[in-house]
Amino acid sequence: MGSLETEREIVGWAATDSTGHLAPYTYSLRDTGPEDVFIKVISCGICHTDIHQIKNDLGMSHYPMVPGHEVVGEVVEVGSDVTKFKVGDVVGVGVIVGSCKNCNPCKSELEQYCNKKIWSYNDVYTDGKPTQGGFAESMVIDQKFVVRIPDGMSPEQAAPLLCAGLTVYSPLKHFGLKRSGLRGGILGLGGVGHMGVKIAKAMGHHVTVISSSDKKREEALEHLGADEYLVSSDVESMQKAADQLDYIIDTVPVVHPLEPYLSLLKLDGKLILMGVIGAPLQFVTPMVMLGRKSITGSFIGSMKETEEMLEFCKEKGLASMIEVIKMDYINTAFERLEKNDVRYRFVVDVAGSKLIP
C-alpha cells in the first residue's frame, strides 16, 4: 500500500514532567512514507531505562514522553517501497528507529553505534517531530528498524527479548563467547540478568549468578537453571571463586564497586558493563593489569543480531519470565520495578488495554 494522505491521531500514555507519572496523551503519527511500516501495538515490555527517561535521571528528557522500546505489533500498512514486510505480519521494534545509514557503524551493520542514531522515544525524527514509544496504540517505523517475530513466539514473550535478550546476546557473540564450555557470571538478576542466565546456559556455559543477597538463590538455581550462586558480600565465598570466570555480564544499573568482580575473572577475562549509570565507577589499575583483564561495555545489538537472537531463542525454546499487565497499572508497575519487585519483566498488554479510561 502507498503512503497515507493524512496524519493519524492516536493515544499513548505519556509522562509530562520528571515525576514520571504516565497518563493518556493524544498525538499524531507521521504519514506512512515509502519505506515505513505502520503497526498496531500488541505488547510492550517495561525496561529499567524507561524509569531513567521518564524521571529525567540523565538530564536529557523532553516531555510529553511516551516511553516503551520493547514493542511487538501487527503490520497494518506498508509503504510503497517496503519489501521485508506485509500486512498481518507480527513484528518487533526495539531501542533504535533511525540512523544516518552512511557512517562506518551503519555500513558495518552496527547501526546502534551510529552517532546520529534516533531513539524510539525521547528523540527527534528526521521530520523534526518527537519520537514516541510503544505504550501507545500505534507506531510508524522505517522498515530497516523492524524485525519479524518468529512463528510460534507469543508477542508478550517476544517483547522483552528486543532489549533484554539482545543486550546479552550481542556481546556474547561479538567477544567470541558464544562457544560452549565457558564459565560466565551474571551480576544482577533483573530483566537483563535473567535472560543472561538463560541465553548463556543455552550456549553451553557454566553460569554463576552473583547477587548482593541470598534472596534469589532458589530462583536462580531452580527456576532459571544457573549452576552456582554467589553472594557478593560473602567475603570467603568470593575469595574461593577468584580467577574462575571467562566473563561477567554486569547488569547493575546503579553505582557499585568493580574490584570484587574483577577478582573473579581469569586471565584475559572480560567484565562487560550493561547498566546505564550516570556517575563514575572506580577501580585500581593493578586489578586489570595483573590478569590482562578487560572492562568493556556493549549497547543493545544490531538489527541483524536482533534477528539472529530471536531465531536462537526460538530454536532453544527460550522465553522471558514475565508479568503481563494492563496499561492502567503502568504507574504501579514502575514503582514496583524501582524496588526490583518483578520477576523479571513487566509486559503491557497494550492491545487489550483501554487507553482512555
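Is Glu 307 buried, partly exposed or exposed, and what is its relative accessible area? Glu 307 is partly exposed, at 35%, where buried means under 20% relative accessible area, exposed over 50%, and partly exposed in between (1.4 Å probe, protein chains only).

The model is predicted: local features need pLDDT of at least 70, side-chain atom pairs count only at pLDDT 80 or more, and totals for chains, interfaces and linings use all residues. Residues are numbered from 1 along each chain as its sequence is written, and side-chain values use heavy atoms, with hydrogens and water left out.

**Salt bridges**

A salt bridge is a side-chain nitrogen of Lys or Arg within 4 Å of a carboxyl oxygen of Asp or Glu. A search of the whole structure finds 22 of them; the table lists three, including that of Glu 307.

| Pair | N to O distance | Relative accessible area |
|---|---|---|
| Glu 307 and Lys 84 | 3.9 Å | 35% and 34% |
| Arg 292 and Asp 268 | 2.6 Å | 57% and 34% |
| Arg 336 and Asp 341 | 3.0 Å | 16% and 38% |

Salt bridges that share partners also join Lys 86, Asp 89 and Arg 148 into one network.

The side chains of Glu 307 and Lys 84 meet in a salt bridge. Glu 307 lies in helix H9 (residues 303-316) and Lys 84 in the loop between strands E4 (70-78) and E5 (90-93), so the pair ties together parts that are 223 residues apart in sequence. Helices (H or I, at least four residues) and strands (E, at least two) are DSSP runs, numbered from the N terminus.

Arg 292 is exposed, whereas Arg 336 counts as buried.

**Helix H3**

Helix H3 comprises 20 residues (155-174); at 1.5 Å a residue it should span 28 Å, and its end C-alpha atoms are 27 Å apart, which agrees. The expected span is 1.5 Å times one less than the number of residues. H3 bends by about 50° at Leu 161, the bend being the angle between axes fitted to the seven residues ending there and the seven starting there. Because 15 of its 20 residues are buried, H3 is largely enclosed by the rest of the structure. Gly 176, whose phi is positive, near 75°, follows H3.

**Cysteines**

A disulfide is a pair of cysteine sulfur atoms within 2.5 Å, and a search of the whole structure finds 0. Cys 100 is in no disulfide, and its nearest cysteine sulfur, that of Cys 103, is 3.6 Å away. Cys 100 is partly exposed at 25%, and Cys 103 likewise counts as partly exposed at 22%.
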